[in-house]
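Welcome! Let us take a friendly walk through this structure, beginning with the whole chain and then moving inside.

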Amino acid sequence: MLKTALIGLGAIVVLAGSPALAADMAVKAPPPVMLPVYNWTGFYIGAQAGYGLSDYRSTFSGFDAGDTPPPQSPHGDGFVGGGEVGYNFQSGKFVVGVEADISYADMRGRATGVSAFGIVQTVEQKIDWLGTVRGRLGVVPVERLLLFATGGVAFGGTGLSGSDNPGVNCAVTSCGAGSTSSTNTGWTAGGGIEYAWSNQLSLKAEYLHVDLGSNSLTYPVTLAVSQSTTRAEYRADIVRFGINWKLGAYN
């Protein structure tokens, strides 16, 4: 009986010393926590601000005896800033979305043209506000980083003013002045980069080229055989920075 007990005790010692049993008896570590991969899908709101360089151009017609100053380029610049809303959808590494924004603008340009007969015309062009509705197509090269191209419709408030021979005696030479304003519609295209700083906050930088078409202004000119007409084109290149807040889901 003693011999039997000793044999059993030996078997227990052998089993306890085996690697397999020791591993089973050890406390198993919990599986690693897998953090969710960031996804750009969702609605967002935000704000943006930047700087615009206006590429304006004015052409003149209707002066005495066809005396027309050459085209002028009243290049200007100014602040642009406002708010935006949008929606993104991500599939794999690709993101498609739509974004709409509205901004205050202060892009003004002024130039003067002088004809061969000495008629001086001063013209001023401006964009007072600007809005766009654009599609976005992007790719995510690494998590949280979005590179995108964008394009769509642009609209904005434009102004045009002109004057002939300002500051002279209008009783002895041709004089005239006028101004107009309107809401123009055109197109925009550009691209940018956006980074998800946190699960809901993202920062972006983008470039937009905007073309708002043209306006025309006609006003009478004293001592002239015809009226003065100015045709103005409105284009601008804008660089702006923004911050967006993702609504809803946290990933």
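## The overall layout

Two helices and nine strands make up the secondary structure of the protein chain in this predicted model. Reading from the N terminus, you meet the elements in the order α-α-β-β-β-β-β-β-β-β-β.

## Surface and contacts

The protein chain has 251 residues, and 37% of them are buried. Its accessible surface comes to about 13100 Å², with 68% of that belonging to carbon and sulfur atoms.

Contacts also reach far along the sequence. Of the contacts in the protein chain with a separation of 6 or more, 71% are between residues 24 or more positions apart.

## The largest nonpolar core

Now for the inside. The largest nonpolar core contains 21 residues. Met107, Ile127, Leu160, Val210, Leu212, Tyr234 and Ile238 are those with the most contacts inside this core. At least two residues of this core come from each of these strands: S4 (94-114), S5 (120-139), S6 (145-164), S8 (201-219) and S9 (228-246). The most generous of them is S8, which gives five residues.

Take a look at Leu160 as an example. Leaving aside residues up to four places away in sequence, Leu160 touches Val123, Glu124, Gln125, Gly178, Ser179, Thr180, Asn215, Ser216, Leu217, Thr230, Ala232 and Tyr234.

## A second core

Apart from the largest core lies another one, made of seven residues. Among them are Tyr38, Trp40, Val95 and Ala196, which you can look for in the structure above.

Definitions and conventions
Residues numbered from 1 in each chain as written. Predicted model: local features only at pLDDT ≥ 70, side-chain atom pairs only at ≥ 80, totals over all residues. Heavy atoms only, no water. Core = buried A, V, L, I, M, F, W, Y, C linked by side-chain atoms within 4.5 Å. Buried < 20%, exposed > 50% of the residue type's maximum accessible area, 1.4 Å probe, protein only. Helix = DSSP H or I, 4+ residues; strand = E, 2+ residues; numbered from the N terminus. Contact = heavy atoms within 4.5 Å. Areas by Shrake-Rupley, 256 points an atom, 1.4 Å probe, with all protein chains shown as cover.
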